[in-house]
Structures are given as structure tokens and as C-alpha cells.
Amino acid sequence: MARWSSCMALLVLAVAAQLVAADLSPGYYGSSCPSLESVVRGVVTQKMDDTIRTIGSTIRLFFHDCFVEGCDASVLIRSTPGSPTEMDADDNKSLAFEGYETVRIAKEAVEAACPDLVSCADILTIATRDAIALSGGPFYPVELGRLDGLSSTASSVAGKLPQPTSTLNQMVAMFRAHGLNMSDIVALSAAHTVGLAHCGKFRERVYGSPADATLNPKYAAFLRTKCPADGSSDPMVLMDQATPALFDNQYYRNLQDGGGLLASDQLLYNDNRTRPLVNAWANSTAAFSRGFVAAMVKLGRVGVKSGSDGNIRKQCDVFN
């Protein structure tokens with residue numbers, strides 16, 4: 001009976017997600033703001049010209065937003081005295097300025113073209129797609145029509161985001177809560193083909209007693225030149241040393257060579273349940289692109305706000 005109840009609960013969640021997703025459409029702003037996507041793409045292009053950090057920071061911002069209270073731009077809200085928001089939760093303090101700045105500037109540009117029509121949640125969704133496509137990844141139609149969330153609290157973040165030391169079972173449980181499966185874990189983890197990570201996220205793999213045996217020895221030696229053993233500083237390291245500015249399937253080839261930077265990356269190759277997909281996507285850009293796009297579309301449907309549960313903010317970092 002308990003197993004049946006659990007299955008029914010998952011079914012109800014899946015149906016609810018489909019009903020919410022049914023309100024989303026790639027052509028949602030087709031008549032009300034036809035220039036929307038070109039406006040956002042122009043901003044993302046300029047920010048990428050300024051720094052490659054725009055790519056990884058924007059993608060990561062989208063993921064952190066959707067995994068906590070859904071894709072509702074709640075991660076963009078700034079804290080006020082006595083009311084810390086998601087932005088200042090421990091797991092979000094490493095989110096880079098460039099991601100926030102890209103969305104802020106895009107929102108200003110969109111407001112100038114189409115005032116009071118487009119949510120920050122949709123702008124973040126478009127900007128993420130563009131950061132991926134403009135850096136060599138797949139271009140795909142984005143479903144639009146989200147509203148911005150009405151709440152954002154730091155306390156809501158704990159336990160909602162994968163950690164660098166998460167086990168595969170822990171990630172499966174976390175993703176499953178959002179209607180995502182093991183294939184989606186492998187696909188979405190490829191976002192680590194761009195961006196940077198602080199040494200503190202992987203220092204134990206390099207200097208632990210013993211050091212992580214799954215880490216390529218040459219790669220470990222390289223990381224020791226970048227990260228002090230005593231933790232006296234916490235510099236950042238490119239997550240993909242081979243093609244750091246390209247969104248590609250090099251991530252999976254790195255895993256095959258013991259070159260996953262985070263332990264939670266490398267385990268995707270080490271675990272028999274996910275290794276076949278890592279190998280398949282390492283060998284086929286087309287197959288990887290299909291799997292990644294499918295996962296991103298599913299992620300973009302998580303916790304979408306509609307009706308009285310949301311609104312359209314005038315400014316992305318403050319509530320109306």
C-alpha cells in the first residue's frame with residue numbers, strides 16, 4: 001500500500017507539472033513583444049564579448065533558480081535587512097556577478113522595448129539558451145510564459161542543490177523530485193563544460209589522505225599548482241581546460257580520462273549506471289545535443305508560476 005501511495009503521489013506531481021507546462025509556449029510573446037529574443041540575444045552577445053565568465057555564470061544561475069522553488073527568478077531577489085533571500089544562501093554565494101548582470105541589463109533592454117510584459121524568469125530562460133548556443137552549444141526553442149515568484153528566502157535553499165560531493169543516489173533523489181531522471185542528470189551536468197570552480201569545491205580530491213584515486217594523476221598535479229594545500233586562498237579553476245569557452249561534449253571525454261573537476265562529475269563515469277551514457281555522448285555531439293536540449297526543456301518547466309502565484313517584476317532584483 002505504501003509503495004502504491006508513493007507511485008500515485010509521483011503520478012499526481014507529473015500530471016501537475018504537465019498542466020503547468022501546458023501554459024508555456026515558444027510563441028508566447030510573438031505578438032506582444034516580437035523583438036524579445038533578439039533584444040536578449042544582443043545583450044548576451046555583448047556580455048560574452050566582455051568575458052567568457054558570462055557563459056557559465058548565466059547557465060548556473062538558471063539551474064540554481066529552477067531547483068529552488070521552481071523557475072521563477074526568485075534567486076535574483078536581493079536581501080533586505082532581516083530578510084535574507086536565496087541570493088545570500090550559502091549554496092548561492094558563489095554564483096558569479098556576471099550572470100546577475102546579464103539578466104539585469106537584458107531586463108532593462110526588454111522593458112524599453114516592451115514595458116511590463118516579460119517576466120524576469122523568461123528573460124533568464126532565454127539568456128541561458130543564448131549563452132549555450134552562442135558558445136557553440138545547441139540552439140533550441142524556449143518555452144515562455146512564466147511569471148516571477150512572489151517570495152525568496154535563504155532558508156528555502158538548503159538541501160535543494162547538488163553538492164560537489166553528492167553521491168549518484170543523492171542526485172537521483174534530488175532530480176526525481178523535479179520530474180527529472182538519470183539521463184537528465186548526465187545531460188545537465190555537461191553545463192560544467194564551461195565556467196569555473198573554487199578550489200575549495202575539490203581540494204580534498206587533490207590533497208586528501210588519501211587523494212582521490214579516480215582523479216587523473218597528471219590533472220591532480222596541475223590542480224596542485226593552482227590551489228594551495230593549506231586553503232590560504234581560494235582561487236578559481238576552469239572546469240574544462242581543453243575547450244573552456246566552448247559548450248561542447250568535451251566534458252564527457254574529460255570524465256573518460258579521469259579529468260572531472262568535481263567528485264560529483266567524475267562519478268558519472270565511475271558508476272556503471274551512467275557510464276554508458278557518458279561514453280555515448282562523448283562519442284556523438286548530435287546525441288549529446290538531443291539529450292541536453294530535452295533535459296533543459298524539462299528543467300525549464302519545473303515549478304512554473306502562473307495566475308495569482310506570480311507577477312511580472314519591473315526590476316528583477318526587487319519585488320514590485
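These notebook entries record what I looked up in this structure, which is a predicted model.

**Entry 1. Domains**

I began with the division of the chain. The domain assignment gives domain 1 as residues 26-156 and domain 2 as residues 168-300. I then took the centres of the two domains over their C-alpha atoms and found them separated by 23 Å. The contact draws on 20 residues from domain 1 and 21 residues from domain 2.

**Entry 2. The area between the domains**

I noted first how such a contact is usually expressed. The size of an interface is often given as the accessible area lost when the parts come together. For domain 1 and domain 2 I recorded a buried area of about 1800 Å², with 78% of it on carbon and sulfur atoms. I next asked which three residues supply more than any other three of the area that domain 1 buries against domain 2. They are Phe 67, Pro 138 and Tyr 140, and they supply 30% of that area.

I also looked for charged and polar links across the contact. I found zero salt bridges between domain 1 and domain 2. There are four residue pairs in polar contact between the two domains, counting pairs with both residues at pLDDT 80 or more.

Turning to the side of domain 1 that touches domain 2, I saw that helix H3 (53-66) and helix H5 (120-134) each supply at least two residues. The largest share of that side is from H3, with seven residues. By class, I listed eleven nonpolar, six polar and three charged residues on that side of domain 1.

**Entry 3. Salt bridges**

My count of salt bridges came to 17. I examined several of them in turn.

The side chains of Arg 53 and Glu 98 form one salt bridge, at 3.8 Å from N to O. Arg 53 belongs to helix H3 and Glu 98 to helix H4 (residues 97-113), so this pair ties together parts 45 residues apart in sequence. I checked how accessible each partner is. Arg 53 has 29% relative accessibility and therefore counts as partly exposed, whereas Glu 98, at 14%, counts as buried.

A second salt bridge joins Glu 111 to Lys 107, with the closest N and O atoms 2.9 Å apart. Both residues lie in helix H4, four residues apart, which is about one turn of the helix. I asked whether Lys 107 is buried or exposed. Its relative accessibility is 2%, so Lys 107 counts as buried. Glu 111 has 17% relative accessibility and is likewise classed as buried, the cut-off for that class being under 20%.

A third salt bridge pairs Asp 122 with Arg 146, where the closest N and O atoms are 2.8 Å apart. Asp 122 sits in helix H5 and Arg 146 in the loop between H5 and strand S1 (148-149), so I entered the pair as a link between distant parts of the chain, 24 residues apart. Asp 122 and Arg 146 are both buried.

Finally, I noted a network of salt bridges that links Glu 37, Arg 41, Arg 129 and Asp 130.

**Entry 4. Ser 119 and its surroundings**

I returned to Arg 146 by way of Ser 119. The backbone oxygen of Arg 146 lies 2.8 Å from a polar atom of the Ser 119 side chain. Ser 119 is placed in the loop between H4 and H5, and at 0% relative accessibility it counts as buried. I then asked which residues Ser 119 is in contact with, leaving aside its neighbours within four places in sequence. They are Tyr 29, Arg 146, Leu 147, Asp 148 and Ile 312.

**Entry 5. Backbone features**

I searched the backbone for departures from a general pattern. Most residues other than glycine have a negative phi, and most peptide bonds are trans.

Glu 69 has a positive phi, near 65°, and so does Ala 73, also near 65°. Glu 69 is in the loop between H3 and H4, and Ala 73 is found in the loop between H3 and H4 too. As to accessibility, Glu 69 is partly exposed at 38%, while Ala 73 is buried at 0%.

I also asked where a cis peptide bond occurs. The bond from Ser 209 to Pro 210 is cis, with omega near 0°. Pro 210 is placed in the loop between helix H8 (203-207) and helix H9 (217-226).

Methods:
Residues numbered from 1 in each chain as written. Predicted model: local features only at pLDDT ≥ 70, side-chain atom pairs only at ≥ 80, totals over all residues. Heavy atoms only, no water. Domains from an automatic or database assignment. Contact = heavy atoms within 4.5 Å. Buried area = accessible area lost by both parts, 1.4 Å probe. Salt bridge = Lys/Arg side-chain N within 4 Å of Asp/Glu carboxyl O. Polar contact = N/O pair within 3.5 Å; in protein donor to acceptor, adjacent residues only side chain to side chain. Nonpolar A, V, L, I, M, F, W, Y, C, P; charged D, E, K, R; others polar. Buried < 20%, exposed > 50% of the residue type's maximum accessible area, 1.4 Å probe, protein only.
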